[in-house]
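I opened this notebook to keep track of what I looked up around the ligand and in the empty spaces of the protein. I begin with contacts and then turn to the spaces.

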Amino acid sequence: SDHQLIYPPHPDQMDWSSLYPHYIVENKPQNQKDQPPPSQPSSQTVSGESPVYSDNDSTPEPPALRRISKDVEVADIGCGFGGLLIALAPTMPDTLILGLEIRVSVTQFVEDRIKALRAQSLAQSETEGGDAAPAGLYRNVGVLRANTMKFLPNFFRKAQLSKVFICFPDPHFKARKHKQRIVSATLASEYAYVLRAGGIVYTITDVPDLHEWMVQHFDAHPSFERVGEVEQEADPCVGIMRTETEEGKKVERHKGAKHVALFRRLEDPEW
Ligand code: SAM
């Protein structure tokens with residue numbers, strides 16, 4: 001349940017170093033003004049006022065965060081077994097990609113899969129040598145257990161992401177279950193918050209009703225516009241999303257239809 005989910009109170013307090021260990025940078029004091037003070041507690045006071053500290057405050061300081069050199073820019077919401085992540089990773093080797101998945105065992109499976117692929121890529125580069133097999137494959141991809149319906153802004157700052165994938169989300173067919181769908185008016189606002197202007201939400205489903213639901217919610221949202229079909233089909237991520245997700249493969253085997261829709265994050269109006 002959500003009680004066991006670990007999430008940071010604020011994106012600045014998220015420790016990404018275990019997910020992307022090859023991107024760890026030395027802690028330098030130079031950026032100090034951008035960082036929360038080291039003795040800041042991990043939760044806000046109820047009133048929202050900054051707590052006051054004295055020199056003899058005996059509260060132990062939390063361990064300093066190990067910083068990484070880049071921010072996550074691409075998120076796969078409900079990544080399942082990680083097919084999309086693994087296929088995307090080599091196509092954007094300088095971009096950090098994150099899968100978010102609520103099921104414990106599935107998250108663990110993806111974590112193991114990424115570790116194995118990293119080790120394989122390293123071993124291959126050592127035996128083949130040179131540029132034949134780059135050692136760094138899959139270092140830019142990670143997975144995290146999270147309920148994306150609740151904690152998205154805890155992980156990502158405003159305008160941090162350039163791409164959000166929502167591939168074959170659970171359909172929750174019955175009307176009384178629609179509130180569990182991972183696209184809604186409220187969640188569209190959260191996706192708008194974490195996406196930068198020009199960023200894209202990618203959606204795909206084999207359920208026509210769910211496709212219409214997602215289109216309707218993003219179309220109705222003032223921060224998004226639908227991407228036209230020509231641009232959509234020219235985007236290499238669309239092909240990957242159709243063929244490399246585990247659900248996409250399943251639908252292929254059953255010769256089902258796949259409905260795709262992309263939405264661009266618009267600039268916020270000036271006030
Ligand atoms: N995207 C993958 C694919 O296309 O193969 C998996 C699709 S599967 C039908 C939907 C996935 O979303 C499941 O793995 C499920 O556990 C996950 N999921 C459902 N609700 C979620 C939530 N609130 N937060 C994170 N993951 C969620």
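Before I list any contact, I note that a polar contact here is a pair of N or O atoms within 3.5 Å. I also note that the model is a predicted one.

**Entry 1: contacts of the ligand.** I looked up polar contacts and found that an N or O atom in the side chain of glutamate 101 lies 2.5 Å from an oxygen atom of the ligand. The backbone takes part too, since I found an N or O atom of the cysteine 167 backbone at 2.9 Å from a nitrogen atom of the ligand, and a backbone N or O atom of isoleucine 102 at 3.2 Å from a ligand nitrogen atom. I then checked how much of the ligand is covered: on its own it exposes 600 Å², and the protein buries 89% of that area.

**Entry 2: the shell around the ligand.** How many residues surround the ligand? I counted 16, and the closest of them are Gly78, Glu101, Arg103, Asn147 and Cys167. When I sorted this shell by class, I noted six nonpolar, five polar and five charged residues.

**Entry 3: where the ligand sits.** Which pocket does the ligand take up? I found that its space is the second largest pocket. Helix 3 (148-155) and helix 8 (246-253) are the elements that give two or more residues to the shell around the ligand.

**Entry 4: the second largest pocket itself.** I wrote down a volume of about 640 Å³ for this pocket, and a lining of 32 residues, of which Gly78, Glu101, Phe168, Pro169 and Asp170 lie nearest its centre. Strand 1 (72-77), helix 1 (83-88), strand 2 (96-101), helix 3 and helix 8 each supply at least two residues of that lining, and helix 8 gives the most, with three residues. By class, I recorded 14 nonpolar, 10 polar and eight charged residues in the lining of this pocket.

**Entry 5: the cavity.** I also looked for cavities of 30 Å³ or more and found that the count comes to one. The largest cavity holds about 30 Å³ of space, and its lining consists of Pro169, Asp170, Arg181, Ile182, Val183, Leu210 and Met214. Sorted by class, the lining of the largest cavity has five nonpolar and two charged residues, with no polar ones. I noticed that Pro169 and Asp170 appear in the lining of this cavity and also in the lining of the second largest pocket.

Technical notes:
Residues numbered from 1 in each chain as written. Predicted model: local features only at pLDDT ≥ 70, side-chain atom pairs only at ≥ 80, totals over all residues. Heavy atoms only, no water. Near = heavy atom within 4 Å. Polar contact = N/O pair within 3.5 Å; in protein donor to acceptor, adjacent residues only side chain to side chain. Areas by Shrake-Rupley, 256 points an atom, 1.4 Å probe, with all protein chains shown as cover. 1 Å grid on protein atoms, 1.4 Å probe; cavity = no way out; pocket = protein on both sides within 12 Å on 5 of 7 lines; lining within 4 Å. Sits in = over half its atoms within 2 Å of the grid points. Helix = DSSP H or I, 4+ residues; strand = E, 2+ residues; numbered from the N terminus. Nonpolar A, V, L, I, M, F, W, Y, C, P; charged D, E, K, R; others polar. Points joined across faces, edges and corners; volume = space filled by probe spheres on them.
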